[in-house]
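Me: Please take a close look at how charged side chains pair up here, and at the metal site too. I am new to this structure, so a slow, connected account would help me most.

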Amino acid sequence: MRDVTGLKCILCGAAYAPQAYRYVCDHHGDEGILDVQYDYDALGKRFTLESVSQNTDRSIWRYAPLLPLDAPLTRQLRSKENQHPLFCVGWTPLYRARRLEQTLDLAAVYVKDEGRNPSASFKDRASAIGIVKAIEWHAPVIAAASTGNAASSLATLSASLGIKTIIFVPETAPQAKIAQLLIHGATVLPVQGTYDQAFDLCLEACRTFGWYSRNTGYNPYLSEGKKTAALEICEQLAWQAPDCIFVSVGDGCIIGGLGKGLRDLHTLGWIDHLPRLIGVQAAGSAALYNAWRDRTEQVTAVQADTLADSISVNMPRDRIKALRAVRDTNGAFLTVTDSEILEAMRILAQQAGVFGEPAGVASYAGLVQARENKLVDKRERIVVLVTGSGLKDVPGAMKTVTTPRSIPPTLDAVEKALSEPGR
Ligand SMILES: *Cc1c(COP(=O)(O)O)cnc(C)c1O
Ligand SMILES: [Zn+2]
């Protein structure tokens, strides 16, 4: 927090002190999302390329000076809970995917596997910050609405810390994500309605009951957690920023956070250009794509319909940050169909060894399309962010493969089965 100068409304620029329970701007209701401001000159004097390279911590916490947290409290928590999942978030592998490079005829393709986080999705980056904030402010309850992963992440990371979590999910969320919530002891309220309805209900409940709100595009600290992925990508590439980063987009918080992280690094002088951010939406949930295409920040809600549940959103909550991240990096939005997503799931699993959930691999489906449309050039260095593990949605994965017939336990049957076409 030392170098945090305040919170600034992204619509009107009004400034606020970073106090407990200050989420949005007074002038704009839930739309007035705030952005955490830093004194980069002061920060850059203490936090240097050299200091970070000497840090042996392999998690998001290696970037603590760039996070809006109370440093002594974080240190104290950490000394007590060093082996806790909370301190094992981030520093996920960035694989060089040579077979994908051949398939797509590209100079370099890297896949960042966010399924390797403690709860198996990218959302841990934001939840970790939200939880430390809740501890800082002595909040007894932390609540979230979620398509599934934000909630399962919150439940996973806060289990054993003595914080009560209350979760609002659409009743249609995949079983594996609900299982994570229940097994970690969260209080779960499956809502008869859409994610958007669960979200509004959760905000209202937080206001009424005074719970701490871990809600995307509402709590300004969460995108600071999400930006750590951009910091990692650049560091893992020895500060040679890639040309393009492909990322799946629902509410827009991840892509907005990546934009923030890239700008931080550029302001500090640690990277020499901003990679283009390419936001990939499901064709059935494309409110941000539509607004980007129409060159407006006035986003119109859609009736979301896609099997990629984690990006199935009617009205993206972090829309302004998302649109600006793409605009400011000279990026683009794309849409992909559910069948392109399923195909991407199979290809990534078979050619890169990364099994992502449908929303997690939409990014790759976007790259395939971008290559066909010449949106990316063959000389470019590309990063594909895979935001969640495929084990979170096994029925989704089973749609893209053929289930083999069983055989009797004889060698004959083995030979016969292997000679069948399609084996
Ligand atoms: C939440 C999520 C996304 C989308 O992130 P937004 O911030 O809502 O745009 C993409 N993939 C997975 C797996 C997610 O859980
Ligand atoms: Zn405002």
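Reply: Arg-22 is a good place to begin, because its relative accessible area of 18% makes it buried (under 20% is buried, over 50% exposed and anything in between partly exposed, with a 1.4 Å probe and protein chains only). The model is a predicted one, in which local features need pLDDT of at least 70 and side-chain atom pairs pLDDT 80 or more, while totals for chains, interfaces and linings use all residues. Residues are numbered from 1 along each chain as its sequence is written, chains are lettered from A and ligands numbered from 1 in the order in which they are written, and side-chain values use heavy atoms, with hydrogens and water left out.

The side chain of Arg-22 forms a salt bridge with that of Asp-26, at 3.0 Å from N to O (a side-chain nitrogen of Lys or Arg within 4 Å of a carboxyl oxygen of Asp or Glu). Its two ends differ in their surroundings, since Asp-26 is exposed, with a relative accessible area of 54%, whereas Arg-22 is buried at 18%. This pair belongs to a total of 28 salt bridges.

A second pair brings together the side chains of Asp-35 and Lys-260, again as a salt bridge, with 3.1 Å between N and O. These partners come from distant parts of the chain, 225 residues apart, with Asp-35 in strand E3 (residues 34-38) and Lys-260 in helix H11 (residues 253-268); helices (H or I, at least four residues) and strands (E, at least two) are DSSP runs numbered from the N terminus. Asp-35 is buried, with a relative accessible area of 16%, and Lys-260 is buried too, with a value of 4%.

In a third salt bridge, the side chains of Glu-232 and Arg-125 meet at 2.9 Å, N to O. Because Glu-232 sits in helix H10 (residues 228-236) and Arg-125 in helix H5 (residues 124-136), this pair ties together parts that lie 107 residues apart in sequence. Glu-232 and Arg-125 are both buried. Returning to Asp-35 and Lys-260, these two residues also belong to one network with Glu-224, Lys-227 and Asp-264, joined by salt bridges that share partners.

The metal site can be read in a similar way. The zinc ion (ligand 2) has as its protein donors Cys-9 (SG), Cys-12 (SG), Cys-25 (SG) and His-28 (ND1), which lie 2.2 to 2.4 Å from the ion; donors are N, O and S atoms within 2.8 Å of the metal (3.2 Å for Na, K and Ca), and sites may look incomplete because water is not among the atoms. The four donor atoms subtend angles of 103 to 123° around this zinc ion, so the arrangement is tetrahedral (four donors with all angles between 85 and 135 degrees). Along the sequence, the donor residues follow the spacing C-x2-C-x12-C-x2-H. Two of these donors, Cys-9 and Cys-25, link distant parts of the chain 16 residues apart, as Cys-9 is in strand E1 (residues 4-9) and Cys-25 is in the loop between strand E2 (15-16) and E3. Cys-9 is buried, with a relative accessible area of 2%, and Cys-25 is likewise buried, with a value of 2%.

Conventions: Four donors count as tetrahedral if all angles lie between 85 and 135 degrees; four count as square planar and six as octahedral if opposite donors are over 155 degrees apart and all others between 65 and 115; anything else is irregular.
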